Amino acid sequence: QVQLVESGGGLVQAGGSLRLSCAASGRTLRSYDLGWFRQAPGKDREFVASIGGSGGSANYADSVKGRFTISRENAKNTVTLQMNSLKPEDTAVYYCNARWRFLTVDNNYWGQGTRVTVSS
């Protein structure tokens with residue numbers, strides 16, 4: 001079983017930056033796709049960014065391209081989301097995700113979330 005724990009959320013003014021981190025335990029995530037999703041009040045959870053396992057490329061939602069950067073450190077079993085030029089619309093609970101799929105196996109894990117509030 002994999003446990004994911006996010007940290008780094010908080011309150012920041014528009015234009016500011018935050019760095020979210022997600023630490024995994026229970027299994028090495030070297031081969032997992034790692035990602036960040038977010039859920040704003042009254043809205044569905046949405047994709048933010050992801051990075052493939054073992055040197056895979058990064059992908060971003062259009063709304064965060066050029067502002068957010070996802071990175072991973074396999075040796076530490078961590079994934080980080082650097083968020084710059086934050087906007088009020090970035091306010092949400094951010095969730096870390098780890099996923100590995102092969103044939104009929106779908107290992108999909110979520111963290112408990114960390115809240116980000118961007119004031120205008």
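In the predicted model described here, Arg99 touches Tyr32, Asp33, Asp106, Asn107 and Asn108, residues up to four places away in sequence being left out of the count; contact denotes heavy atoms within 4.5 Å. Residues are numbered from 1 along each chain as its sequence is written, and side-chain values rest on heavy atoms, with hydrogens and water left out. Because the model is predicted, local features need pLDDT of at least 70 and side-chain atom pairs count only at pLDDT 80 or more, whereas totals for chains, interfaces and linings use all residues.

Arg99 belongs to strand β9 (residues 92-102); strands (E, at least two residues) are DSSP runs, numbered from the N terminus. Its C-alpha atom lies 5.3 Å from that of Asp33, although the two residues are 66 apart in sequence. The side chains of Arg99 and Asp106 are joined by a polar contact of 2.5 Å. A polar contact is a pair of N or O atoms within 3.5 Å; within protein, one must be able to donate a hydrogen and the other to accept it, and residues adjacent in sequence count only if both atoms are side-chain atoms. Arg99 and Asp106 also form a salt bridge, with the closest N and O atoms 2.5 Å apart, the term denoting a side-chain nitrogen of Lys or Arg within 4 Å of a carboxyl oxygen of Asp or Glu. Arg99 counts as partly exposed because its relative accessibility is 26%, and Asp106 counts as partly exposed at 39%. For these classes, buried means under 20% relative accessible area, exposed over 50%, and partly exposed in between (1.4 Å probe, protein chains only).

The structure holds five salt bridges. In one of them, Asp90 is bound to Arg38, the closest N and O atoms being 2.9 Å apart. This pair links distant parts of the chain, with Asp90 in the loop between β8 and β9 and Arg38 in strand β4, 52 residues apart. Asp90 is buried, since its relative accessible area is 1%, and Arg38 is buried at 5% relative accessibility. A network of salt bridges links Arg38, Glu46, Arg67 and Asp90. Asp62 forms a salt bridge with Lys65, with a distance of 3.2 Å between the closest N and O atoms; Asp62 counts as exposed at 66% relative accessibility.

Turning to the strands, an open sheet of four strands follows the order β1-β3-β8-β7, with antiparallel pairing; two strands pair if DSSP finds at least two bridges between them. At the edges stand β1 (3-7) and β7 (68-73), each with a single partner strand, so one side of each is left without a neighbour in the sheet. On average, neighbouring strands of this sheet are turned by 15° against each other, direction ignored; the axes are lines fitted to C-alpha atoms. Six bridges connect β7 and β8 (residues 78-83) in the antiparallel sense, and Arg72 stands opposite Val79 in β8.

Antiparallel pairing also joins β4 and β5, over five bridges, with Leu34 opposite Ile51 in β5. These two strands form a hairpin with six residues between them, and Gly42 in the turn has a positive phi of about 80°. β5 pairs in turn with strand β6 (residues 58-60), in the antiparallel sense over three bridges; Asn59 in β6 is the bridge partner of Ser50.

Most residues other than glycine have a negative phi. Asn77, in the loop between β7 and β8, has a positive phi near 60° and is buried, with a relative accessible area of 15%. Leu103, in the loop between β9 and β10 (105-110), likewise has a positive phi, of about 50°, but is exposed, with a relative accessible area of 77%.

The largest nonpolar core contains 30 residues, of which Leu4, Trp36, Leu81, Met83 and Tyr94 touch the most other members. Such a core is a set of buried Ala, Val, Leu, Ile, Met, Phe, Trp, Tyr and Cys residues joined through side-chain atoms within 4.5 Å. At least two residues of this core come from each of β3 (18-25), β4 (33-39), β5 (46-51), β7, β8, β9 and β11 (114-119). Not counting residues up to four places away in sequence, Met83 touches Gly16, Ser17, Leu18, Leu20, Arg67, Phe68, Tyr94 and Val116.

Methods. Axes are lines fitted to C-alpha atoms, for helices over the stretch in contact, and angles run from 0 to 180 degrees between N-to-C directions.
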